[in-house]
Amino acid sequence: MSPLNRLLRSASGSISEPEESAAPSEMASLLQPDRVIYLVRGEKRIRAPLSQLYFCRYCSELRSLECVSHEVDSHYCPSCLENMPSAEAKLKKNRCANCFDCPCCMHTLSTRATNIPAPLPDDPTKTAMKKAYYLACGFCRWTSRDVGMADKSVASGGWQEPENPHTQRINKLIEYYQQLAHREKQERDRKKLARRRQCMPLAFSQHTIHVVEKYGLGTRLQRQRPGAPISSLAGLSLKEGEDQKEISIEPAQALDEVEPLPEDCYTRPISLPEVTTLRQRLLQPDFQPAGASQLHPRHKHLLMKRSLRCRKCEHNLSKPEFNPTSIKFKIQLVAVSYIPEVRIMSIPNLRYIKESQVLLTLTNPVENITHVSLVACDEDDPDDINSTAKIIVPSKELVLAGKDAAAEYDELAEPQDFQDDPDVVAFRKSNKIGFFIKVIPQKEDDADVTISFKIRHDFRNLAAPIRPSEDGGDVVAEAIWLTHHVELRLGPLAS
């Protein structure tokens with residue numbers, strides 16, 4: 001209650017304070033997007049906020065990150081913004097060659113310059129000031145001098161890196177498991193060949209496949225029979241039966257004697273600043289330094305720009321620009337740009353088996369007028385699995401005005417008359433309306449009250465090519481009706 005209300009209430013007992021609501025601000029829906037979630041009926045049934053979903057204009061369906069294909073467009077360093085192709089990034093182990101991370105706090109290291117005395121080459125007894133460069137962290141004040149790294153005479157490159165003593169062993173294991181994976185792939189191909197050998201024609205016997213591979217007829221036959229597994233069969237030539245070079249590894253041997261602990265292990269006082277944390281050790285798994293004096297800077301990890309593609313129609317849903325300095329997208333089909341968004345504006349005190357009126361808002365993101373209908377879920381609805389309350393939704397159709405970015409600045413614009421029912425629509429502002437629904441909680445537990453309903457709206461696919469009509473004008477895109485399942489978490493019951 002504000003100080004003015006307290007003063008008025010103390011002056012006159014007839015002035016009563018309005019009933020406070022549990023969540024009186026729409027800001028709660030903005031800062032807590034998981035309170036309003038939409039159901040995605042893709043390969044997996046996923047419930048997520050609308051701000052985390054995509055909308056495929058060609059399938060007219062919602063898409064989540066679980067039901068799209070992820071494609072890597074480019075790799076780049078987040079510090080120097082150097083762009084590199086995937087092959088080069090793989091060769092550099094997805095790390096930048098010029099930028100380093102602080103081994104203590106993981107912030108980006110910067111190169112600092114200083115002057116140090118150095119003997120002259122002509123007269124060693126005399127000294128002159130010389131430029132020297134070292135790495136320093138501007139956040140935790142760690143420097144490369146703390147671990148004994150020598151300063152460099154140039155500002156870029158040439159920093160000393162510790163060598164892993166187990167590099168040869170790791171490379172040997174990688175080669176061995178690559179050979180093992182290749183053998184398993186060959187065995188799977190042989191089993192596939194054996195299953196269809198009974199129905200294989202004589203022309204595709206092992207001898208004929210070897211001749212096809214020898215004389216280069218595989219591409220010609222594949223062109224005549226698209227989809228035929230010639231390439232997989234032609235790879236099973238007699239060369240695979242020959243002995244290949246075996247890569248053998250020596251098994252690890254357990255040691256009977258281990259290095260004993262130092263005598264002052266339990267009596268030496270521990271200095272916590274000199275002991276590395278678990279995160280610092282796991283960020284350097286090849287060394288796992290136990291002391292702060294063993295921490296060395298690590299090359300910065302590369303980031304990537306990725307595209308998202310619908311698995312059903314294979315159209316792009318998101319495609320960023322190639323330049324690392326640009327944050328724009330060539331294609332960005334986010335759901336909030338096409339689907340009406342439901343938000344919670346105010347919630348009264350909810351009580352068990354008592355009807356309460358909740359105020360919600362509905363925003364139209366497209367430029368044309370949208371008609372929206374709300375439908376309560378049936379009792380046997382398979383999508384309605386989390387509801388804990390009954391709801392009464394408006395029976396009338398809600399009409400949303402088109403989005404107009406200049407409407408709020410145009411004071412002379414005449415408001416459209418939609419003849420709203422005041423019992424249903426609380427207010428209307430541009431492309432946004434507030435409407436009432438009635439909620440009756442059915443469970444008397446401490447869990448949040450959850451409601452769900454169906455939202456049905458019309459959608460015009462403006463991305464489809466517009467064909468001219470017989471009269472000479474353009475044919476307007478036909479409206480299709482889409483239905484979405486929406487769940488709202490209203491919070492706990494009032495005590």
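Lys319 makes a handy starting point: with a relative accessible area of 26%, this residue is partly exposed. The model is a predicted one, and the paragraphs below follow Lys319 into its surroundings before turning to other parts of the chain.

The side chain of Lys319 forms a salt bridge with Asp73, and the closest N and O atoms of the two residues are 3.8 Å apart. Asp73 sits in strand β5 (residues 68-76) and Lys319 in strand β12 (residues 316-320), so this pair ties together parts of the chain that are 246 residues apart in sequence. Asp73 is also partly exposed, at a relative accessible area of 24%. As a reminder of the chemistry, side chains of opposite charge can pair when their charged atoms come close.

Both strands of this pair belong to an open sheet, in which five strands are arranged in the order β6-β5-β11-β12-β13 with antiparallel pairing. The edges of the sheet are taken by β6 (83-84) and β13 (329-332); each has a single partner strand, so one side of each is left without a neighbour in the sheet. For readers new to sheets, the strands pair through backbone hydrogen bonds, either parallel or antiparallel. Here, β12 and β13 run antiparallel and are joined by three bridges. Lys319 appears again at this point, standing opposite Ile331 of β13.

The contact between Asp73 and Lys319 belongs to a wider set, as the structure holds 23 salt bridges. Another of them brings together the side chains of Asp420 and Arg428, with 2.8 Å from N to O. Asp420 counts as partly exposed at 31% relative accessibility, and Arg428 is partly exposed as well, with a relative accessible area of 24%.

A further salt bridge connects Arg489 with Asp448, whose closest N and O atoms lie 2.9 Å apart. This pair links distant parts of the chain, 41 residues apart: Arg489 is in strand β22 (residues 479-491), while Asp448 is in the loop between β20 (432-441) and β21 (449-460). Arg489 counts as partly exposed at 28% relative accessibility, and Asp448 does so at 26%. Salt bridges can also join up into a network, and here one links Arg41, Arg45, Asp381, Asp383 and Lys454.

Cysteines were examined next. A disulfide is a covalent bond between the sulfur atoms of two cysteines. The search of the whole structure finds zero disulfides. Cys313 is in no disulfide, and the nearest cysteine sulfur, which belongs to Cys56, is 3.4 Å away. The cut-off explains this result, because the two sulfur atoms of a disulfide have to be within 2.5 Å. Cys313 counts as partly exposed, with 23% relative accessibility, whereas Cys377 counts as buried at 18%.

The last stop is a residue in a loop. Ser144 is found between β9 (127-136) and α4 (167-195). This serine is buried, with a relative accessible area of 0%. Leaving aside residues up to four places away in sequence, Ser144 touches Tyr134, Leu135, Met149 and Trp159. Ser144, at 0%, and Lys319, at 26%, thus give a reader two places to look up in the model, one buried and one partly exposed.

Conventions:
Residues numbered from 1 in each chain as written. Predicted model: local features only at pLDDT ≥ 70, side-chain atom pairs only at ≥ 80, totals over all residues. Heavy atoms only, no water. Salt bridge = Lys/Arg side-chain N within 4 Å of Asp/Glu carboxyl O. Helix = DSSP H or I, 4+ residues; strand = E, 2+ residues; numbered from the N terminus. Buried < 20%, exposed > 50% of the residue type's maximum accessible area, 1.4 Å probe, protein only. Pairing = 2+ DSSP bridges. Contact = heavy atoms within 4.5 Å.
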